[in-house]
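Biologist: I would like a close look at a single part of this protein, followed outward into its surroundings. Please take the time to connect the pieces as you go.

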Amino acid sequence: MIMGASAASVWYNLRVPHPTKEVPIIDYDLALLFQPMLMLGITLGVALSVVFPYWLITVLIIILFLGTSSRSFYKGIEMWKEETILKKELTRQQETLVNSRGELLIDTEYDPLVPREEKSELQILCFNLRWKRLLVFFTVWVLFTVIQVIKNDLVACSTWYWVLFCLQLPVAVLVFGYEATKLYKEHKKRTSTGNTEAICEASIQWSPLNIAFCALCGILGGTVGGLLGSGGGFILGPLLLEIGVIPQVASATATFVMMFSSSLSVVEFYLLKRFPIPYALYLMGVSILAGFWGQYLVRKLITILKRASLIVFILSGVIFTSALVMGVVGISTSIEMIHNHEFMGFLDFCSSQ
């Protein structure tokens with residue numbers, strides 16, 4: 001479901017221009033920074049999903065989702081207040097304008113001297129696509145997927161099994177390290193020259209501590225995505241908002257990364273024979289339609305109300321609802337397992353593969 005919804009959202013977002021700049025709506029720098037760590041975390045999460053007891057996974061995810069949704073909600077309130085102040089200021093400027101002679105001008109409108117060029121959907125699509133970056137994303141995805149497929153044919157916990165399992169680490173570190181070094185050097189260069197312009201959509205300083213924090217959050221988000229098969233978007237979306245990315249770009253970038261990471265989760269759970277294919281195809285079809293129309297309706301609401309904070313409130317609401325639903329389902333399932341005297345401890349990793 002997550003893979004289908006994210007793919008539909010990416011297709012929709014690629015035909016939407018950036019709301020404030022002449023840059024792609026997907027921040028490829030941030031996406032490339034988080035993708036390898038998310039994929040590394042997903043492989044860990046899938047491995048842990050067959051070891052951790054059901055009740056423990058439920059408790060951990062509920063705690064994480066409640067914290068994430070609460071933080072996103074407060075972030076949305078802050079953005080709503082800022083938007084309210086900005087709208088009042090714009091309304092005041094439009095209602096009362098004073099010319100150079102001190103004369104009061106009411107309801108005066110000026111046409112821009114250089115009107116903004118209107119682009120077609122095809123032009124926007126071509127502008128938002130960065131083929132070299134897409135090739136890097138696809139290469140990382142292929143490497144991780146090939147490792148999972150080969151590893152699945154090996155004896156669990158054998159020497160070659162662990163060699164392939166550990167091989168994912170240098171792949172992720174190399175890609176993450178390249179992008180992190182690029183951001184760090186560019187930030188240091190701009191700081192030394194007094195240039196305060198942000199390197200990418202994020203407004204944080206790219207210090208070693210912040211880069212390490214992003215890596216940790218990426219692995220954590222991927223681990224949660226592996227446990228749920230969700231692709232880590234419930235962590236990445238709020239994280240992008242937290243580091244200063246505007247909601248439209250945060251949504252587009254998070255769903256873009258989720259398209260790759262959730263598809264890796266699908267491959268891994270398929271190799272573990274954890275879901276029926278016909279049922280999965282049906283849910284994927286439904287989620288594609290829901291993802292496309294959801295993006296369309298949200299963008300329309302933002303255009304009408306002129307409040308991008310709606311994206312943050314919707315994200316917070318979805319995460320909070322997921323926590324409640326998982327809590328109800330998880331508690332009822334755990335009670336049923338207790339009544340049936342089922343084993344509720346940790347399983348052996350090697351025998352569970």
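Biologist: Does Phe176 count as buried or exposed, and at what relative accessibility?

Modeller: This is a predicted model, and what follows is computed from it. Phe176 has a relative accessibility of 10%, and because buried means under 20%, Phe176 counts as buried. The residue lies in helix H6. Leaving aside neighbours within four places in sequence, Phe176 is in contact with Leu33, Pro36, Met37, Ile211 and Ala215. One of these partners, Ile211, is 35 residues from Phe176 along the chain, and the C-alpha atoms of the two are separated by 9.6 Å.

Leu33, a contact of Phe176, leads to the largest nonpolar core, a set of 54 residues in which Leu30, Leu33, Phe34, Trp206, Leu240, Val245 and Phe256 touch the most other members. The elements that each give two or more residues to this core are H1, helix H2 (28–49), helix H5 (131–152), helix H6 (159–192), helix H7 (208–228), helix H8 (233–242) and H9, and it is H2 that gives the most, with 12 residues. A second, separate core has 8 residues, including Ile57, Leu227, Phe234 and Ile319. In soluble globular proteins, nonpolar side chains tend to be buried together.

Back in the largest core, Phe256 is also among the residues that touch the most other members. With neighbours within four places in sequence left aside, the contacts of Phe256 are Val10, Ile26, Tyr28, Ala31, Leu134 and Phe137.

Ile319, named above in the second core, is touched by Ser69, which also touches Ser316 and Phe320 when residues up to four places away in sequence are not counted. Ser69 has its place in helix H3 (residues 54–95) and, at 3% relative accessibility, counts as buried.

Helix H3 leads on to the second largest pocket, since the largest share of that pocket's lining, 6 residues, comes from H3. The volume of this pocket is about 1200 Å³. Its lining is made of 38 residues, of which Pro17, His18, Pro19, Gln248 and Ile302 are the closest to the centre. Two or more lining residues come from each of H3, helix H4 (121–128), helix H9 (247–271) and helix H10 (277–305). By type, the lining divides into 16 nonpolar, 6 polar and 16 charged residues.

Ile302, one of the residues closest to the centre of that pocket, is also one of the buried residues of H10, together with Leu283, Ser287, Gly291, Gln295 and Arg299. What covers the buried residues of H10 includes helix H1 (2–13), H9 and helix H11 (309–339). The 29 residues of H10 should span 42 Å at 1.5 Å a residue, and the end C-alpha atoms are 41 Å apart, which agrees with that expectation. Just after H10, Lys306 takes a positive phi of about 55°.

Turning to the whole chain, the protein has 12 helices and 2 strands, and from the N terminus on its elements run α-α-α-β-β-α-α-α-α-α-α-α-α-α. Of its 353 residues, 42% are buried, Phe176 being one that counts as such. Among contacts with a separation of 6 or more, 82% are between residues 24 or more positions apart.

Key. Residues are numbered from 1 along each chain as its sequence is written. This is a predicted model: local features need pLDDT of at least 70, side-chain atom pairs count only at pLDDT 80 or more; totals for chains, interfaces and linings use all residues. Side-chain values use heavy atoms; hydrogens and water are left out. Helices (H or I, at least four residues) and strands (E, at least two) are DSSP runs, numbered from the N terminus. Buried means under 20% relative accessible area, exposed over 50%, partly exposed in between (1.4 Å probe, protein chains only). Contact means heavy atoms within 4.5 Å. On a 1 Å grid over the protein atoms alone, a cavity is a set of points where a 1.4 Å probe fits but cannot get out, and a pocket is an open set with protein on both sides within 12 Å along at least five of seven lines; lining residues have an atom within 4 Å of a point. Grid points are joined across faces, edges and corners, and a volume is the space filled by probe spheres set on the points. Ala, Val, Leu, Ile, Met, Phe, Trp, Tyr, Cys and Pro count as nonpolar, Asp, Glu, Lys and Arg as charged, and the others, Gly among them, as polar. The expected span of a helix is 1.5 Å times one less than its number of residues. A nonpolar core is a set of buried Ala, Val, Leu, Ile, Met, Phe, Trp, Tyr and Cys residues joined through side-chain atoms within 4.5 Å.
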